[in-house]
Amino acid sequence: MREDVEFAKKYGDISLAKFLSRFVSLNGKDLKKVTHNEVKILFPNLKRCSFNKIRENPMLIYDGDVILVDDGKTIIPYYIPKEETLDSESTFIREKVKEREIDDSYHDYASMSIYELRCLLERKYNSCRNQCAARRELNKRGVVLHKKYKRSEEKRKGFE
């Protein structure tokens, strides 16, 4: 059994969202998506403890100096911050990344390079019409998109 799960069963743990709301005075629905790595970057004043230190001195947990925090993937012990270091209450909002729109414009496929035509084959950012037209143009130019081979020939190569 992993070390962090063993400690969590023995001493108990809280979620990272609850830890941040109680001890850093944050709130918001995006708080549940935060990971330990993001906390390390966003809140450098929060200090972590090691499992070896807890194993040597379990009174750290019993006295309330250290608490086990679970982000859904890993459990890490944190020192409980002192009241002087706490800021006023604030809201945590995760910025949304702007999604790329699908390219559905008409292109001059005959004048495009092979690299540009291959880029049009990406399903995520191009329409089906662009993909089909780019595939047709590449076939006209003799560019092989899928290499075809005979299994019997490949087996013979392996034995030689």
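Select helix H7, residues 128–141, in this predicted model, and compare its length with expectation: at 1.5 Å a residue, its 14 residues should span 20 Å, and the C-alpha atoms at its ends are 20 Å apart, which agrees.

With H7 still selected, colour its buried residues, which are Asn130, Gln131, Ala133, Ala134, Glu137 and Leu138. Then add helix H6, residues 114–119, which is included in what covers the buried residues of H7.

Now pick out glutamine 131, which lies in H7. This residue has a relative accessible area of 9%, and because that value falls under the 20% cut-off, glutamine 131 counts as buried. Leaving aside residues up to four places away in sequence, show what glutamine 131 touches, namely Leu120, Leu121, Glu122, Arg123 and Asn126. Before leaving this helix, step to glycine 142, just after H7, where phi is positive at about 85°.

Move next to the largest nonpolar core, which has 17 residues, and select those with the most contacts inside it: Leu16, Phe19, Leu20, Val39, Phe43, Leu46 and Tyr78. Helix H2 (16–23), strand S3 (66–70) and strand S4 (75–79) each supply at least two residues of this core, and the largest share, five residues, comes from H2.

Centre the view on phenylalanine 19, which, not counting residues up to four places away in sequence, touches Ile14, Val24, Leu46, Ile67, Val69, Tyr78, Tyr79 and Pro81. Finally, turn to another core that lies apart from the largest one, a group of ten residues, among them Cys49, Phe51, Ile54 and Ile61.

Definitions and conventions
Residues are numbered from 1 along each chain as its sequence is written. This is a predicted model: local features need pLDDT of at least 70, side-chain atom pairs count only at pLDDT 80 or more; totals for chains, interfaces and linings use all residues. Side-chain values use heavy atoms; hydrogens and water are left out. A nonpolar core is a set of buried Ala, Val, Leu, Ile, Met, Phe, Trp, Tyr and Cys residues joined through side-chain atoms within 4.5 Å. Buried means under 20% relative accessible area, exposed over 50%, partly exposed in between (1.4 Å probe, protein chains only). Helices (H or I, at least four residues) and strands (E, at least two) are DSSP runs, numbered from the N terminus. Contact means heavy atoms within 4.5 Å. The expected span of a helix is 1.5 Å times one less than its number of residues.
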